[in-house]
Each structure stands twice: as structure tokens, then as C-alpha cells.
Amino acid sequence: MMSFSTIIRHHRNVLAVPLVTSLLILFAPNLVTAQATLTSTDVDIGWTLINGALVMFMQAGFAFLEAGSIRSKNVANILLKIVMSVAISTMAWFCIGYGFAYGDNQLTDTRNGFFGNSSFFLLGGDEAQHVFFFQWAFAAVASSIVSGAVAERMNLSAFFMCSFIMTAFIYAPVAHWIWSSAGWLSGFNKTMFRVGNVGVTDYAGGIVVHLVGGVCGLVGSIMVGPRIGRFVNGRAVKIVGHNKTLVLLGGLILWFGWYGFNSGSTQALSGGMSTITGYASANTTIAGAAGAMMCMLWSCLQSGQYDLTESLNGCLAGCVSITPVCAFVEGWAAVLIGASGALVYIASNWLLEALKIDDPVAAVPVHAFCGAWGLVTGGLFATQKQIALFYGLDSTIETYGLFYSLNWELLGVNLLGITMVTVWTAFSSVIMFFLIDITIGLRVPPEDELIGLDQKYGGTAYTGEDIHQYGFGNSASENTAARTALKTARTVNSHRTQRSGRSGASRRM
């Protein structure tokens, strides 16, 4: 006699038919009703929310990449920076940033091309919550870019202040200029003054996000100074990160998240936007691959070995370079943009080192330089059809890539946009970091930096690992200073323990 389980196993296909039929009879009317009531607006909002979540997931990529690129004594500190950068930028965007970026997009007397002046705290209008959410994810990315450029030596409280000020007062106006329906550089501006027939064609944030974050990180890196031991006797000393597995994981997460960043920037699938999304997805893939291969080849020619970190940075350089133009160019142009973006990364990385500017994770070369380069390529290779489709312009418009149109306008307007965003971000960042420095200080004390920021600013990342096991650096000067600082710290801790013991004994007496 067969058991019940045996009967079910032998006759599962037969039993499945009436079960599925019953479910269809029960739920088919609801499915039909749901299909009938699902509008294109619902699809567009769902698309925007999903891609906003993908962009937010890029924060995990930043966390892994930056943690692996620095020394183990500072890992918990950098992870805390990423978490709080997201949290602080959220409140800055909610309270102030969204209003400056997208407030007052309606036709009113107070509307202007430089900054919004309503919708603070999401009040004062019929706000599209999905737009707030999606644009918040981009603002948070810009803030996180800075953390890598100033890693391993910036005061934690100073970075927290930087995250709030940058999101609310530096990033938000740029987003208004280029992405709002009133911005003076915006292709979406159809009713007010705008520079050029199309404006700045920054589709997904090559300069709005990456250039702003990169320039702010550059200013911060200069003003906080290089890490101890990074430059010795006028010579650059490489400080190696502690875990390439984390770097790889972070790089791949960022590449994955870029599909939300670039493909999702249509914020719609209806009205022809699905075509734009297809171009963005394909070109992001192609450019990232071309950048990785170019940097892999370069590292092999330079050292005779393939380098994982350089290959990943090349991939990210390609992704950043294609970001402002991924919806506007053909696949062959994406190959050129990704490969040339990798070369821009290599050259700018060398330039920063020559100028003795310390960027532990190469955030400035990847984001600032490649973001600007990507917009330049838009002025060269953007196609007429895609520009007209995305911005809702006449299909016979004459302002598109120089390579096709022999028209210099788009390239010139894009160069103007790069210049204005760079000047604004650099100027405001200098003021921000200066004020932070004279109030709470930008840099941690040398003793804390040498021992490791985890000991005071975040707690150790690796349980059970003693201080003396941390890699202080590759230079003899830093190792000597580190041992001295470690000895001093242990002496101070010993004295504190003795004083605590004596005070406890006196209380007991």
C-alpha cells in the first residue's frame, strides 16, 4: 500500500491541473480588473521607484569599494561615513535640497532659473513623492563620492557637516540649473530663458552628480591634506588597500546599480521612453566593459601584470563617462567614450599624484574628470533622433553632436555647463571646508590617524585584531611615527587605568 506522500509524488502532474484551474477561476476576474486599471502613469511611477532603489543600493558598492581600498585600521570609520552620509543627505534633501532643486516648477511669478523657492519639507504643493525619492538617491550618491577622497584622515563630525551642506546648498542648485523645468541650462525648460536651443544635455548626472561630488572631494582632499606617509621627500609612496575582494564586490555592485542610475533616468517607460532606456542600458554595459579592458591593458603595459583595482576603476571610469550621454549615442561611440574615459582616469590620476593631492580611492579622477569628459563627448556624438525624443523637441532640430551636424552649439553649451558647475562647486566647497575647519577642524590628530580612526571614531571592524597588527603604511617614516604614537597611546591608556583603579579604591574606602 502506497503512502500519501508517494501518491502525491506519483500523481503531482495530474493533481496540478485542477489546482491551477481553480486558482484561475478564483483570481482571473481580479487579474483582468488590475490589468484594466493599470495606466501608463502607474507603470512610469513603478519604474521610477524600482530604479531609485537600485541607485540607493549603490551605497553598498561605495561602502565595499572604499573599505577595501583603505587600510584595515580605518574600515569601520569609512563604513560609518557611508551610512551617515545617506542618513544626513536624506534630511538635507527633505528639509532644503529638494526645494532648491525642484521647488516652484509651476508657472509663477517667483519662478527663476537659478534655484527653487518652494516645496521645502515637501510642503506647499502637490508633490510627486516618487520624484522626490528618485532624485534623493542621486543626491546621496554625490555626497558619498566625497567620503572616498578624504578617507583615513578627516574628522568624522566635519564630514557629517559636509554631507548636509553639500546636499542642501551645493548640489541642489546645480540640479535646478540642469534638470528642472525652469533651469537656465535645462533642456526641459520650454518657457523661460535657457542657454542654447537644447541646453546642457546631461542625461543622467555626469556633471550634476559626478562632477559636483568629484570637485567637492578634490577641494576637501586639498584642504585636509594628504595622509601621513603618502608623500615622503617629494616622492609619492603608494599606500595599498587591505582587501581586494571587497574592492571587487563594491565595483560590481556599483556597475549593477548603474542600470538604475542611467536606465532609470527616463523616469518613465511610456511615450517612447522605453527606447531611451534601451539605449542607456546597452551603452552603459558597453562603455563599462571598454573602460575595464583599456585599464587592464594599460596596467599590463606599465607593470607587466594585470591589475584588478585598475581594471575596476577603468570600468567605473567608463560608466561615469557614458552617464551624461548614454541615451544619445550609438554603440560604437559608447566604445570610444568608455575607452577614452579610462585614459582620462589614468591621466588625471597621474596628475593628482604629481600635484601631491591624496585621493585614496581615486574618486576625483573617476567622478570629476570622467564626468566632465562624458559631457564633452555628448557635444561630439549625440544623435539628432535621441536628443529630440528625450527632450520632446522637433525631429529636425539642428543642435546635436558635432560629428554628425558640424554644429558647434551643443559642444559649446556643454563646455559652458562644465565650467559653471566646476566654478560654483569649487567656490562653495572652499567656503564650506574653511568654515568647518575654523569651527570644529577638518583633520583628526596625527596620533589618531596613525593608530587608526577605528580606535576612536567608529570601533574596530575586525573583532579580535590587536592594534599592532594593523598595516600603518608602506613608508618607513610612517611606520616609525606609528610605533611612536602607539607607544604613547598605550602609556596614556595605562595611566588612565591606574587613575581609575585608585579612584575606585578610594570610593570603596
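In the predicted model, a search of the whole structure identifies 6 salt bridges. One of them pairs Arg227 with Glu152, whose closest N and O atoms are 2.5 Å apart. Arg227 is located in the loop between helix 7 and strand 1 (231-232), while Glu152 is located in the loop between helix 5 (129-149) and helix 6, so this pair ties together parts of the chain that are 75 residues apart in sequence. Both partners, Arg227 and Glu152, are buried.

A further salt bridge joins the side chains of Arg230 and Glu353, with a distance of 3.2 Å from N to O. Because Arg230 belongs to the loop between helix 7 and strand 1 and Glu353 to helix 11 (residues 331-354), the contact ties together parts that are 123 residues apart in sequence. The two side chains are assigned to separate classes of accessibility. Arg230 has a relative accessible area of 11% and is therefore buried, whereas Glu353, with a relative accessible area of 38%, is partly exposed.

Arg230 also forms a salt bridge with Asp358, and here the closest N and O atoms are 3.3 Å apart. Asp358 is found in the loop between helix 11 and helix 12 (363-381), and Arg230 in the loop between helix 7 and strand 1, so the parts tied together by this pair are 128 residues apart in sequence. The relative accessibility of Asp358 is 1%, which means that this residue counts as buried. Through shared partners, salt bridges join Arg71, Glu152, Arg227, Arg230, Glu353 and Asp358 into one network.

Asp202 presents another case of a charged residue. This residue is found in the loop between helix 6 (156-179) and helix 7. Asp202 is buried yet takes part in no salt bridge; Arg194, the nearest side chain of opposite charge, is 15 Å away. The side chain of Asp202 does, however, reach the backbone nitrogen of Val208 at 3.1 Å. When residues up to four places away in sequence are not counted, Asp202 touches Ile178, Trp179, Ile207, Val208, Pro324, Leu375 and Tyr391.

A polar contact to the backbone is also seen at Ser340, a residue of helix 11. In this case a polar atom of the Ser340 side chain lies 3.1 Å from the backbone oxygen of Ile337. Ser340 has a relative accessible area of 18% and is therefore classed as buried, since the cut-off for this class is under 20%.

On the surface, a nonpolar patch of about 750 Å² is made by Ile222, Met223, Phe427, Val430, Ile431, Phe434, Leu435 and Ile438. Helix 7 (206-224) and helix 15 (409-439) each supply at least two residues of this patch. The largest share, 6 residues, comes from helix 15. Met223, one of the patch residues, has its place in helix 7. With a relative accessibility of 32%, Met223 counts as partly exposed, because this class covers values between 20% and 50%.

Another nonpolar residue, Ile50, lies in helix 3 (residues 40-69). The relative accessibility of Ile50 is 55%, so this residue counts as exposed. The C-alpha atom of Ile50 is separated by 9.9 Å from that of His130, although the two residues are 80 residues apart along the chain.

For the chain as a whole, the secondary structure comes to 17 helices and 2 strands. Of the 509 residues in the chain, 52% are buried. The accessible surface comes to about 22,200 Å², and 67% of this area belongs to carbon and sulfur atoms. Among contacts in the chain with a separation of 6 or more, 77% are accounted for by residues 24 or more positions apart.

Conventions. Residues numbered from 1 in each chain as written. Predicted model: local features only at pLDDT ≥ 70, side-chain atom pairs only at ≥ 80, totals over all residues. Heavy atoms only, no water. Patch = residues over 30% accessible without salt bridge, like charges linked within 9 Å, V, L, I, M, F, W, Y side chains within 5 Å. Areas by Shrake-Rupley, 256 points an atom, 1.4 Å probe, with all protein chains shown as cover. Salt bridge = Lys/Arg side-chain N within 4 Å of Asp/Glu carboxyl O. Helix = DSSP H or I, 4+ residues; strand = E, 2+ residues; numbered from the N terminus. Buried < 20%, exposed > 50% of the residue type's maximum accessible area, 1.4 Å probe, protein only. Lys, Arg positive; Asp, Glu negative; His and termini not counted. Polar contact = N/O pair within 3.5 Å; in protein donor to acceptor, adjacent residues only side chain to side chain. Contact = heavy atoms within 4.5 Å.
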